[in-house]
Amino acid sequence: MSGKPLTTKSILRLITALVLVIGTGLLAIFTNLQNKPTLAENGILTNTPENAQDLRKTPPLSPSPPPPLLPPSPRPHPLPPTLVQWKDSTNSGDYFSQVKLTEVCYLVWSQFPIRIYVETPKEISKEQAKTWVNTVIQAVQEWNVYLPLEVVKQPEVANITIVRKAPPLQKSPNSNIPRARSAQTTYKLYTNNKVLSHRFTILLSPTQTGNYLTAAARHEFGHALGIWGHSPLPSDALYFSQVRNPPPISARDVNTLKRVYEQPTSLGWSLGEKYQN
Ligand SMILES: [Zn+2]
């Protein structure tokens, strides 16, 4: 590119080529995530990233090997007003150091309200299904004070989907005996009008009932809001293990959430923007 004057046409071709590469990279991420059985494979989550699929059909413009995946440059979004307002008078600290970085930096939502779909279970009685859905929605709504949420009736518009289903068995590193999990939260990346976006699926095991169901829903939802890690203290909702008397959302949980939302992310920003400077 050095020395050659850039015409509008060549700039456009360059951008198209780069977007194509990013699209391919994203497809690689999807493929990796889909190695485990996912809801998408079971046909529950059918809204696949159409942008990425369209890009796959486009023939490559150049035979040169693709450069590494370059998602949008991570930068912070404005802090949501609900978190600006949050002041911890108890100064109880946080566990932000336990929050893991992902390939898109921090898992921050930037469009509000965040839309939640709770699937009505079919394998139990109507009455039981109603109780289950209400318990989950109540637990999830506890977070509404800190980030605006909306429960939706259409699964295809949801950012976070919650399903009553046993998570796949997990092999622990020290043993060959697969471990049953009470819940699992996973995310997928997709592009929407070139904006890098994510959506979450939360599986809550049918073995969880009553207080445990509330605690599991509250805990997993914290992950889906961006707390991608665990607290070392049992008094926090995001404590790594289940406890007999599950605590409500703690000041430390909210302090951690607020710090996450002050961090940079590639989510919510346009692909290719980086190259137009
Ligand atoms: Zn967890």
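**Sheet, helices and core of the predicted chain**

Of the 277 residues in the chain, 29% are buried. The structure is a predicted model. It comprises 7 helices and 7 strands, which follow one another along the sequence in the pattern α-α-α-α-β-α-β-β-β-β-β-β-α-α. Among contacts between residues at least 6 apart in sequence, 76% join residues at least 24 apart.

Five of the strands are arranged in an open sheet of order S2-S1-S3-S7-S6, in which the pairing is mixed. Strands S2 and S6 form the edges; each has a single partner strand, so one side of each lacks a neighbour in the sheet. On average, and with direction ignored, neighbouring strands of the sheet are turned by 20° against each other.

Strand S1 covers residues 114–118, and its side chains alternate between the two faces. Ile 114, Ile 116 and Val 118 point to one face and are buried, whereas Arg 115 and Tyr 117 point to the other face and are not buried. S1 pairs with S2 (residues 149–151) in the parallel sense over 3 bridges, and Ile 116 stands opposite Val 151 of S2. The connection from S1 to S2 passes through helix H5 (residues 126–141), giving a right-handed β-α-β crossover. S1 is also joined by 3 bridges to S3 (residues 160–164), again in a parallel arrangement. In this pairing, Ile 160 of S3 is the bridge partner of Ile 116, and Thr 161 of S3 stands opposite Tyr 117. Ile 116 therefore has a partner in S2, namely Val 151, and one in S3, namely Ile 160. The antiparallel part of the sheet includes S6 (residues 183–192) and S7 (residues 195–204), which are joined by 10 bridges. Tyr 187 has Phe 200 of S7 as its bridge partner. The hairpin formed by S6 and S7 has 2 residues between the strands, and Asn 193 takes a positive phi near 50° there.

Two helices pack on the sheet. H5 lies across S1, S2, S3 and S7 and runs at about 160° to S1. Helix H6 (residues 210–224) touches S3, S6 and S7, and its direction makes about 165° with that of S7. The end C-alpha atoms of H6 are 21 Å apart, which agrees with the span of 21 Å expected for its 15 residues at 1.5 Å a residue. Because 11 of these 15 residues are buried, H6 is largely enclosed by the rest of the structure. The buried positions comprise Leu 213, Ala 215, Ala 216, Ala 217, Arg 218, His 219, Glu 220, Phe 221, Gly 222, His 223 and Ala 224. These buried residues pack against H5, S3, S6, S7 and H7. After H6 comes Gly 226, with a positive phi near 130°.

In soluble globular proteins, nonpolar side chains tend to be buried together. The largest nonpolar core of the chain has 46 residues, of which Val 136, Ile 202 and Leu 204 touch the most other members. At least two residues of this core are supplied by each of S1, H5, S3, S6, S7, H6 and helix H7 (251–261). H6 gives the most, with 6 residues. When neighbours within four places in sequence are left aside, Val 136 is in contact with Val 118, Ile 162, Leu 204, Leu 213 and Ala 217. Two of these partners, Leu 213 and Ala 217, are among the buried residues of H6, and Val 118 is among the buried residues of S1.

Trp 86 is located in the loop between helix H4 (81–85) and S1. This residue has 16 C-beta neighbours inside 10 Å and so counts as partly exposed, since a buried residue needs 20 or more and an exposed one has 12 or fewer. Not counting residues up to four places away in sequence, Trp 86 touches Tyr 146, Val 254 and Lys 258. The C-alpha atoms of Trp 86 and Asn 255 are separated by 8.3 Å, although the two residues are 169 apart along the chain.

Conventions:
Residues are numbered from 1 along each chain as its sequence is written. This is a predicted model: local features need pLDDT of at least 70, side-chain atom pairs count only at pLDDT 80 or more; totals for chains, interfaces and linings use all residues. Helices (H or I, at least four residues) and strands (E, at least two) are DSSP runs, numbered from the N terminus. Two strands pair if DSSP finds at least two bridges between them. A crossover is right-handed if, with the strands pointing away from the viewer, the path from the first strand over the helix to the second runs clockwise. Axes are lines fitted to C-alpha atoms, for helices over the stretch in contact, and angles run from 0 to 180 degrees between N-to-C directions. Two residues are in contact if their C-beta atoms, placed from the backbone, lie within 7 Å. A nonpolar core is a set of buried Ala, Val, Leu, Ile, Met, Phe, Trp, Tyr and Cys residues joined through C-beta atoms within 7 Å. The expected span of a helix is 1.5 Å times one less than its number of residues.
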